[in-house]
Amino acid sequence: MSNLRGERRDVPAASNHEELTKLRAAGYNMLVDLTCVDYLTKGRPHRFDVIYRLMRLDPATGEDLGRVELHCAVDGEPVLRSAKDIWPAADWLEREVWDMFGVRFADRPGIKRLLMYEEFVGHPLRKDYPIAKRQPLIGPKSGDKADSPSFNILRPTVTGE
């Protein structure tokens, strides 16, 4: 980690909630970010890293008293416990991780999409997501591939003369 005041900790995914609870008790009172990285093509033993970024914020002065990054290696099986009981902001961030990467949280079986629409099939930030895949509600109804990777092209038309 490049931040001189921060540190990185790798913890087993099954103990994420216990470690996060300890860090909260140690003064890390702000969940700055919760994200995921897909290492499909890197040959690592676990495909994903779910990363929690925490900060100790002095509420009186607003001073940053230190940061820590918690890395939990996971595969497709839901082993992580939700952190929304520790930091309510984790609710949206966990939904984003599931929506974009398909990483589930063991105690959140009915999690809903946050960024993509409900009919969307798959998780677009996974390394194996087929970029040319036609999604429901998007693209030509014929299923033909568009000329561009973006289906939202407006072609100007010339009128008059």
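The exercises below, each with a worked solution, concern a predicted model of one protein chain.

**Exercise 1. Overall architecture**

Determine how many helices and strands the chain has, and in which pattern they follow one another along the sequence.

*Solution.* Begin with the count: there are two helices and four strands. Next, read the elements along the sequence, which gives the pattern β-α-β-β-β-α. Then consider burial: of the 161 residues of the chain, 34% count as buried. The surface comes next: the chain exposes about 10200 Å², and carbon and sulfur atoms supply 54% of this area. Finally, turn to the contacts between residues at least 6 apart in sequence; 51% of these join residues at least 24 apart.

**Exercise 2. Helix H2 and its surroundings**

Establish the span of helix H2, which of its residues are buried, and against which strands they pack.

*Solution.* Step one is the geometry. H2 comprises residues 90-101, that is, 12 residues, and reaches 16 Å from its first C-alpha to its last, close to the 16 Å expected at 1.5 Å a residue.

Step two is the burial. Nine of the 12 residues are buried, and H2 is thus mostly covered. The buried residues are Ala90, Leu93, Glu94, Arg95, Val97, Trp98, Asp99, Met100 and Phe101. In an α-helix, residues three or four places apart point the same way, because there are 3.6 residues a turn.

Step three is the packing. The buried residues of H2 pack against strand S2 (30-38) and strand S3 (48-57).

Step four concerns the end of the helix and one ring. Just after H2, Gly102 adopts a positive phi of about 80°. Arg95, one of the buried residues of H2, lies over the face of Trp92, at 5.9 Å from the ring centre.

**Exercise 3. Two polar side chains**

Decide whether His17 and Arg108 are buried or exposed, and identify the side chain with which each makes a polar contact.

*Solution.* Consider His17 in helix H1 (residues 16-25). Its relative accessible area is 9%, so His17 is buried, the cut-off being under 20%. The side chains of His17 and Asp85 are joined by a polar contact of 2.9 Å. Leaving aside neighbours within four places in sequence, His17 is in contact with Arg81, Ser82, Asp85 and Ile86.

Now consider Arg108, in the segment after H2. With a relative accessible area of 10%, Arg108 is likewise buried. Its side chain makes a polar contact of 2.8 Å with the side chain of Glu94, a residue listed among the buried positions of H2. Not counting residues up to four places away in sequence, Arg108 touches Ser82, Lys84, Ala90, Asp91, Glu94 and Arg95. Ser82 therefore appears in the contact lists of both His17 and Arg108, contact meaning heavy atoms within 4.5 Å.

**Exercise 4. Two leucines of strand S3**

Classify Leu54 and Leu57 as buried or partly exposed, and list the contacts of each.

*Solution.* Leu54 is found in strand S3. At a relative accessible area of 1%, Leu54 is buried. Apart from neighbours within four places in sequence, Leu54 contacts Leu20, Leu23, Tyr28, Met30, Leu31, Val32, Gly66, Arg67, Val68 and Trp87. The C-alpha atoms of Leu54 and Gly27, 27 residues apart in sequence, are 9.8 Å apart in space.

Leu57 also belongs to strand S3. Its relative accessible area is 24%, so Leu57 is partly exposed, a class that lies between 20% and 50%. With the same exclusion of neighbours within four places, Leu57 contacts Asn29, Met30, Gly62 and Glu63. Leu57 and Asn29 are 28 residues apart along the chain, and their C-alpha atoms are separated by 6.4 Å.

**Exercise 5. Aromatic rings**

State how many aromatic pairs there are, and which residues form the aromatic cluster.

*Solution.* The count comes to two aromatic pairs. In one, Tyr117 and Phe120 are edge-to-face, at 5.8 Å centre to centre and with 90° between the planes. In the other, Phe120 and Tyr129 are stacked, at 6.0 Å centre to centre and with 20° between the planes. Phe120 takes part in both pairs, and Tyr117, Phe120 and Tyr129 form one aromatic cluster.

The burial of the three residues completes the solution. Tyr117 is partly exposed, with a relative accessible area of 22%, whereas Phe120 and Tyr129 are both buried. For Phe120 the relative accessibility is 7%.

A further ring interaction involves a charge: the charged end of Arg56 sits over the ring of Tyr28, 5.8 Å from its centre.

Definitions and conventions
Residues are numbered from 1 along each chain as its sequence is written. This is a predicted model: local features need pLDDT of at least 70, side-chain atom pairs count only at pLDDT 80 or more; totals for chains, interfaces and linings use all residues. Side-chain values use heavy atoms; hydrogens and water are left out. The expected span of a helix is 1.5 Å times one less than its number of residues. Buried means under 20% relative accessible area, exposed over 50%, partly exposed in between (1.4 Å probe, protein chains only). A polar contact is a pair of N or O atoms within 3.5 Å; within protein, one must be able to donate a hydrogen and the other to accept it, and residues adjacent in sequence count only if both atoms are side-chain atoms. Accessible areas come from the Shrake-Rupley method with a 1.4 Å probe; for residues, only the protein chains shown count as cover. Rings of Phe, Tyr and Trp (its six-membered ring) pair if their centres lie within 6.5 Å; planes under 30 degrees apart count as stacked, over 60 as edge-to-face and the rest as tilted. A charge sits over a ring if NZ of Lys or CZ of Arg is within 6 Å of the ring centre and within 35 degrees of the ring normal.
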